[in-house]
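Subject: Structure handover

Hi,

Here is the structure I promised to pass on to you. Please open it alongside this message, and my notes on what turned up follow below.

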Amino acid sequence: MTTRIFNPGSLLRRGAILLLAVLLPAASSSAQESATGSISGRVLNPATREFVRDAEIRVEGTTLLASSESGGYYTLPRVPAGPAKVTVSFAGYPPVSQTITVVAGTNVARDLELAPPVEAPGAREGVVKMGAFVISSGAEGQAKQIMNQRNSMSLGTSVSSDLFGDVTEGNVGEFLKYLPGIEMETVEADTRGPRLGGMNPEYAGVSVDGMKSASADGFGVYGATTNGSTGSATRSFSFEQVSINSIESIEISRVTPADLDGDAISGTINMKMKRAFDTKGRRLVWSLSGGLNSEEMTLRRTPGPGDSIGRKVRPTASLNYSESFLNGRLGLLFGLSESNLYNEQQRVQNAYGAGTGAAAGQQVVTSVIIKDGPKWTERRTATMTVDFKATGSLILSLSGSFNGYEMFAYNRLSTLTTGANQLAGSDLLTIRTSAGAANLNNGNGNINKRTTGYTLIPKFEYRWRGFTFDGAYSASVSRNTYGALRTGMAGNAQVNAVANLTVVATRPSATSSAWQFTQTGGQDWSSLASYTNPRVTDDVRYVYNEVSNAALNGKWNTPLRWPTFLKFGAKRQERITNADNKGSLYNYSYTGPGGGTAGTYAAFPTPFVFAPDGLGVVFRSINGGGGPAYANRDAVGRLFRSNPEYFVSTTTAENYYTAAFAQRKRFTELIPSAYVLANTRTGPWQFQAGLRWEETRTLSREFDPLTVSQVAAAGYAVNRSLGRATTVAGLDYQYRSKPMVAREGRYENFFPSVTAKYRFSENLIADAGYGRAINRPNVLDLSGLMSINETAQLVTVSNPNLKPENSERIAASLAYYLSGNGSLRATFTETHIENLKTLTELTPQEYGLTDPVFTGYTVITNTQGERTRRFRSMELEYRQRLDFLPTTLGNATVFASYTRTYASERRIGLTPHVITGGVDYRFRLLGVGLRTRWEDEAPWSSATRYRPQVIKYDGNLDLRLGRRFTLFVQARNIFNRKYEVYEGNGSLFVAENYGSNWVLGLRGEF
């Protein structure tokens, strides 16, 4: 096995030489500049009453230039003594200058204000209105993005959360999907995690205020995604429990700087929370709304999504309050939000095969899966931040947040198995089953999923002369639980399949989902009495994820001729992950009235009608009825709780093994790190170089089972081919007789990064960068149960010593900033990934099994491979406010982007071409926004399947009702485009319909 070895000594020496080469010439001339002072303060945008970062502050007639930091703070060092003309600039605002007298050896405190924004002709009202200033939130968000992009040294950008106006559900993923280079991993109608540069979510480093947060949902809890065959990328972050209402901006870095964690092969997404000191004075914003799905666009009470009758609209509300006290020394921010949304979920999935018998020589449909499973999603967030300026130099902060997500999915899934032996005339468009050859199985069940997250972060910031020190500790906990019985409804009211059916079905084309199913023989599939052997099962899973961070950083604005700062720091991160899957223990047979193996659920009818008509599916049973019948799971669940004696457990020893041992994970990871970073500017050039060190320590706790021979010698029945006992008592003896084994792993990495920026002119800027990163192994690969097969003499084990996948990335961009508030930008990246994990056979000694009982065995585990994968991407982006056009046309803002991505091997879900675009337009009191995303054909879960081209539209509309109130409408997937995947021959594999979502609400601002 060969892996690249990073030489820390060599890297440190080279970094020190480079740093000295940059700093010593500047230091030699700094002594000549003793007659200087400094200017510091904050930059305020009076249009929004926000203290802005990334504003450019320069001293006219010199090369002195500074950018405001978070909270609007800026410092101009080495300003020549005497009058200094200071100019502050921000995109979309005219420059403002004032003269400040500087005294040698002292600092002048001076806050700066942006000028009122330049309005396009005809503009009268905007989304944000404070005092005499007017500006739309979209234009303000665009200005923030441009300014950060101009100043970024990581080839990234910071996107303000108000860039696209109102976002359905406050879902961060719905916001990010319109940015170049970003795709969203989805599970049915929900966006889960980000894909950057065509790479899976596990390769993206996602943080909140630079700190990793717990995300239990990312640890392999959810199953298949629509972007790939599996969702078990355990390093991924799930957006489903985060609301954009609590986020001020989202920073995206293509080259990860040394002050951020190194586990970001595809790039970094850092969400910056809203801060109490970011605004001046009091601000109160609230909203109340409700949403409907196009498949149930009614305010009436209708059946579903469960087994009751109710309305498909529930209230959604948010409240955000901020205020400063004690003459601006104390800031308070408080936010609450809750969203409720109904979603349709329908599916048709076809399986094909070669016909036999009378259908020989034809490709036929061998089975069809039909799903009708609508659901509710509920999101709740609460955030609070307190900032206190204890002294002129010391700021203390405390922030806390709660994020909750709950989903009720009422899945009903019928599988019609037609078989290959069909009658003549059967083909890809027609099903003609032989007499009594088909069967219909009703499966899938209700799911209740709850994800909660808590985060608490105390911080401090201390400024002393040219130094800034900040420190923070974050404690973040996330829990993800599944289980329907706990809510009073049955997870799945299982029954036997209805067999011996005769069916005729047709559809208009091989690409259509609009099957017309007609039953011509057998028991009526629309009658509950046809389904026997009633049972109850439940999907019960649990993941606990805890992440704590302790960080200390320092920044020194050096007194050198060239504007230079050094940044350094250390951090300690600890992750704890516990996972259990106990669903296999929840198996019951209903033996109450009307039950038993020959009984049915006929006494529990549901008002819900199984009818996935959004995909054109129509059912006609043999007696003139409709689709397959399902039991009322709510009624069965109530009976389960009130009369548990009616339900008999059918859990087997194999079920017990799966729940108690095979699916139990206990894993801890500790990552200490340190970094140093230098940034200097000379003439049109700006350089940044850094080096980060991280050590990874892993600890997994695993069962240490007895061998089958030892278990058999103790008198317990065993299955030697499976390598375990066949009774519950025997399994407990085998797996609990010995204490759990602690398996440890340890390795370290160094991550150099360097970026350069060159300003050809004030408007034309080029960037280039290089950096290294890692992807640590998945928890499931590091921690797991040892499986022993004595017959084949095989031992399958996890590998706690797996090293991360290593990557190298180069990136370059060229941006031209248009007059007013716009930009043109091209970005190119190439990423090489090494140390791909590979399934390998080892001897017991090579793995570390010294017990003589394993002599002659073969150990199978994951090890590091030598294969290298390459990803390339190109992003072209245009964004501009058209204020140069006459009359009301100047009130429009347009954007468009094109992303080209490809890899050196076929990658499931990698979309080679993506185009996004949109327009936001405001005329007087009315604002309208329309956005679209087109995705090219992309490879899918098998070697031949593909997702075809697709285009979707989202939009928003708002109408000002006076100075304080706004009526708004949000729309997602306006034209109800379906999700589809095709086989290589062009036949439909799967089609899914989620409907379009429409939200109507009222917002107030005070």
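Let's start with leucine 926, which counts as partly exposed because its relative accessibility is 35%, a value that falls between the 20% limit for buried and the 50% limit for exposed. Please keep in mind throughout that this is a predicted model. Leucine 926 sits in strand β56, and Leu926 is one of the residues that make up a nonpolar surface patch of about 760 Å². The other members of that patch are Leu925, Val928, Leu957, Leu959, Leu961, Phe965, Leu967, Leu1000 and Phe1006. Which strands supply at least two residues each to the nonpolar patch? They are β56 (926-935), β59 (950-961) and β60 (965-972). Of the contributors, β59 gives the most, with 3 residues.

The strands leading up to the patch are worth a look too. Strand β54 (residues 892-903) runs antiparallel to strand β55 (residues 913-923), and 9 bridges join them. If you want a place to start in that pair, alanine 892 stands opposite tyrosine 921 of β55. From there, β55 pairs with β56, again in the antiparallel sense, over 10 bridges. Here glycine 918 stands opposite arginine 931 in β56. The hairpin of β55 and β56 has 2 residues between the strands, and arginine 924 takes a positive phi near 55° in it. As a reminder for viewing these strands, side chains in a regular strand alternate between the two faces of the sheet.

Another set of pairings involves β34. Strand β33 (residues 498-506) and strand β34 (residues 516-521) are antiparallel and joined by 5 bridges, with threonine 502 partnered by glycine 521 in β34. On the other hand, β34 runs parallel to strand β39 (residues 618-620), with 3 bridges between them. In that pairing, threonine 518 stands opposite arginine 620 of β39.

Now for the helices. Is α5 mostly covered or mostly open? Helix α5 (residues 653-662) is mostly covered, as 7 of its 10 residues are buried. Those buried residues are Ala653, Asn655, Tyr656, Tyr657, Ala659, Ala660 and Phe661. They pack against three strands and a helix, namely β37 (564-581), β38 (587-590), β44 (724-725) and α7 (728-736).

You may also enjoy the charged pairs. Side chains of opposite charge can pair when their charged atoms come close. The count of salt bridges comes to 50. In one of them, the side chains of arginine 879 and glutamate 877 meet at 3.8 Å, N to O. Both partners are under the 20% limit, so they count as buried: arginine 879 has a relative accessible area of 3%, and glutamate 877 has one of 11%. Elsewhere, salt bridges that share partners join Lys212, Asp261, Asp263, Lys571, Arg692, Glu694 and Arg776 into one network. Within that network, the side chains of arginine 692 and glutamate 694 meet at 2.8 Å, N to O, and arginine 692 and glutamate 694 are both buried. A further salt bridge links arginine 53 with aspartate 54, where the closest N and O atoms are 3.8 Å apart. Arginine 53 and aspartate 54 are buried as well.

Stepping back to the whole chain, the secondary structure comes to 9 helices and 63 strands. Of the 1006 residues, 58% count as buried. The protein exposes about 38,000 Å², with carbon and sulfur atoms supplying 57% of that area. Among contacts with a separation of 6 or more, 73% are between residues 24 or more positions apart.

Finally, a word on confidence before you set anything up. The average pLDDT of the protein is 85, and 89% of the residues score at least 70. Where does pLDDT stay under 50? One such stretch is residues 120-135, for which the model has 60 contacts beyond four places in sequence. Another is residues 228-233, with 18 contacts of that kind. Where pLDDT is low, the predicted coordinates should not be read in detail.

Happy to talk any of this through.

Best wishes

Notes:
Residues numbered from 1 in each chain as written. Predicted model: local features only at pLDDT ≥ 70, side-chain atom pairs only at ≥ 80, totals over all residues. Heavy atoms only, no water. pLDDT = per-residue confidence, 0-100. Contact = heavy atoms within 4.5 Å. Patch = residues over 30% accessible without salt bridge, like charges linked within 9 Å, V, L, I, M, F, W, Y side chains within 5 Å. Areas by Shrake-Rupley, 256 points an atom, 1.4 Å probe, with all protein chains shown as cover. Salt bridge = Lys/Arg side-chain N within 4 Å of Asp/Glu carboxyl O. Helix = DSSP H or I, 4+ residues; strand = E, 2+ residues; numbered from the N terminus. Buried < 20%, exposed > 50% of the residue type's maximum accessible area, 1.4 Å probe, protein only. Pairing = 2+ DSSP bridges.
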